[in-house]
Amino acid sequence: MITTRISNGLLVALLIMLAITEGCGGKSSVLLEKPLRGVVKTESNSQTLMAWSEAGARADVLIHIDGSDDLALFPTSLDETIKNTADHLKRKNPAVVNRIASIIEKGGTVNIGLKAGMYDRVIWVLPAKGSVTDLPLENFKQALMEMRGFPAEALADFAVSGSHITGSVAGVPITITTLEDLELAGETALIDIDLSFFTGLQAAVADYRAGTASLLNFLRVLKRKRIPAVMATINRASAFQATPLDIRYYADIIEETFLDPGLLEGPLPGKYGTMIDAEKMLAEGHYGEAASLYAGLARSYPDNAGIHFSHAFALGFLDKGEECREAMLMAYSIDTVYIKGFFQLARVLGANGRINAGEALLETSDLAKTLSADEMDYQRALFYVQAELYNQAAELLVDVAAKRPKDFAVRTVLYHAYEMMDDTQKMYTVLERLIRIDRDRVVRDMPWAFKKLGDLAWNIHLDPVAASWYMQYLELVPDDPEAEKMQALVDEWKGVDYRPKAVE
């Protein structure tokens, strides 16, 4: 008899792989009625695509619950690259995605999944209330063209079908719907939930309130759809800070209920009930009661980073800086993505006058070990801007800008600080510097800067300089309500030989 000894680490890895692969490749279980073994949490679209490949996922349809379609119209120059990527994914070689992750992160993963044979069509569930057909089809297509950059011809076959919109984009058959109208025709499904869906709901639905209660309602609606699921991915969308940290814990609850559907049956589990109570206390401004509830949850569930983060939030609003920092450190020790929470929460606290707690968070020694000195100064400056302490912010930003001579973002914040301080000379200097760093970006994102420079120059009687800035502005925004006044100054100084210069 031959015996094989397997290390604990290898055994755990094998068990994880078993959990991922069981239920994939065509086998399915009714979502939220039977345990779904193949549940994977990811951080980005690229990671999600890699998880599907590694699991050998195969279903009839992808149910894409997301604020974005994650489709792309790839240029022909990428045809061979996309084909090769899809071929590798078919052979369970997910590492190939790393080569093009930066290209496909904001669109294209859904295309590649279809090319790799993981599903035959896509149902995109939008974060909206009611039906996608409540508005005219042309309005919907126009929104896609403006927000996603799709040309009109790419959406030419879109049509209304009952309460859905059907069509195709880049060869991907797609049905667009809302959760309430979601329907399947006896098909197996690969489930993909992106947490940006819930931030989309906050923006689109006036009476939507983020929190555990609304998430459980979402899951109950999803359960009623009786979806034969082969696998589920939950994209926490931490890349590009697409979703705020205060809903990151949603992924844990979704995973828990997919693995144990009984949590949605009968009386509400004590953990979820207490979380709902704590969130209610926070919303009502009863921070002491909320902190007490979260302290109890943290003792009962010490490995839950989201609970520690919420505890830190409540303590911060009590202006208990040291305790707030300790709770945040607990969240960070469990999930390193929460390093962003120190800065996010500090800015919220600053905006609400909890200066001591915000400063305590930013003085955490672990941050200085991880981030450069100039990055820490930049984060402190952002905090002071939120706290309306503009002099402190400007002092820090000047030092950071000196170390980052081409950093556009730093100078936009510095401009805002000077604007709030009504320091017009420094406002002029920063705006002019922004144009020298990246004129195309200013033209694209902030053409108002040219008009502002003209106004600032005119106010200190530098009329020819003002005329130059107004001329550049009117080329970009000819229909400005004050165009006639600006054009008069431009005409007055036309032909004069001068060059715009910064105010000394």
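Biologist: Let me start with one residue: does Glu 388 count as buried or exposed?

Modeller: Glu 388 counts as exposed, with 56% relative accessibility. The cut-off for exposed is over 50%. Keep in mind that this is a predicted model.

Biologist: Where does Glu 388 sit in the chain?

Modeller: Look in the loop between helix 17 (373–386) and helix 18 (390–403). There's a backbone detail to spot there too: Glu 388 isn't a glycine, yet its phi is positive, about 65°.

Biologist: What other residue that is not a glycine has a positive phi?

Modeller: Try Lys 92, with a phi of about 60°. Lys 92 follows helix 3, in the loop that leads from helix 3 to helix 4 (101–104). Its relative accessibility is 49%, so Lys 92 counts as partly exposed.

Biologist: How do I read the length of a helix, say helix 3?

Modeller: Go from the first C-alpha to the last and set that against what 1.5 Å a residue would give. Helix 3 covers residues 79–90, twelve in number, and reaches 17 Å, close to the expected 16 Å. Helix 18 has 14 residues and reaches 20 Å, close to an expected 20 Å.

Biologist: Which residues of helix 3 are buried?

Modeller: Ile 82, Thr 85, Ala 86 and Leu 89. Viewed down the axis of helix 3, the buried residues stay within an arc of 95°, so they line one face. The general idea is that an α-helix has 3.6 residues a turn, so residues three or four places apart point the same way.

Biologist: And what covers the buried residues of helix 3?

Modeller: Their cover includes helix 2 (45–55) and helix 5 (109–115).

Biologist: Which residues are buried in helix 18, and what do they pack against?

Modeller: The buried ones are Tyr 390, Ala 393, Ala 394, Leu 396, Leu 397, Val 400 and Ala 401. They pack against helix 17 and helix 19 (408–421).

Biologist: Back to the loop between helix 3 and helix 4: is Pro 94 buried or exposed?

Modeller: Pro 94 is in that loop, and it counts as buried, at 14% relative accessibility. To see what is around a residue, skip its sequence neighbours and list what it touches. Leaving out residues up to four places away, Pro 94 touches Met 50, Ser 53, Glu 54 and Leu 89. Ser 53 is 41 residues away along the chain, but the two C-alpha atoms are separated by 5.7 Å.

Biologist: What about a strand residue such as Thr 42 in strand 2, and what does it contact?

Modeller: Strand 2 runs over residues 39–42. Thr 42 has a relative accessible area of 2%, so it is buried. Beyond its neighbours within four places, Thr 42 is in contact with Gln 47, Thr 48, Ala 51, Ile 234, Asn 235, Arg 236 and Ala 237.

Biologist: Let's zoom out. How many helices and strands does the chain have?

Modeller: There are 24 helices and nine strands. The C-alpha trace spans about 95 × 60 × 50 Å along its principal axes. Of the 504 residues, 50% are buried. If you take contacts between residues at least 6 apart in sequence, 69% join residues at least 24 apart.

Biologist: And what does the surface look like in terms of atoms and charge?

Modeller: The accessible surface comes to about 24000 Å², and carbon and sulfur atoms account for 52% of that. For charge, count 51 positive and 69 negative side chains in the chain, with the centres of the two sets 5 Å apart.

How values were computed
Residues are numbered from 1 along each chain as its sequence is written. This is a predicted model: local features need pLDDT of at least 70, side-chain atom pairs count only at pLDDT 80 or more; totals for chains, interfaces and linings use all residues. Side-chain values use heavy atoms; hydrogens and water are left out. Helices (H or I, at least four residues) and strands (E, at least two) are DSSP runs, numbered from the N terminus. The expected span of a helix is 1.5 Å times one less than its number of residues. Buried means under 20% relative accessible area, exposed over 50%, partly exposed in between (1.4 Å probe, protein chains only). The arc is that of the directions from the helix axis to the C-beta atoms. Contact means heavy atoms within 4.5 Å. Accessible areas come from the Shrake-Rupley method with a 1.4 Å probe; for residues, only the protein chains shown count as cover. Lys and Arg count as positive and Asp and Glu as negative; His and the chain ends are not counted. The place of a charge is taken as NZ of Lys, CZ of Arg, CG of Asp or CD of Glu.
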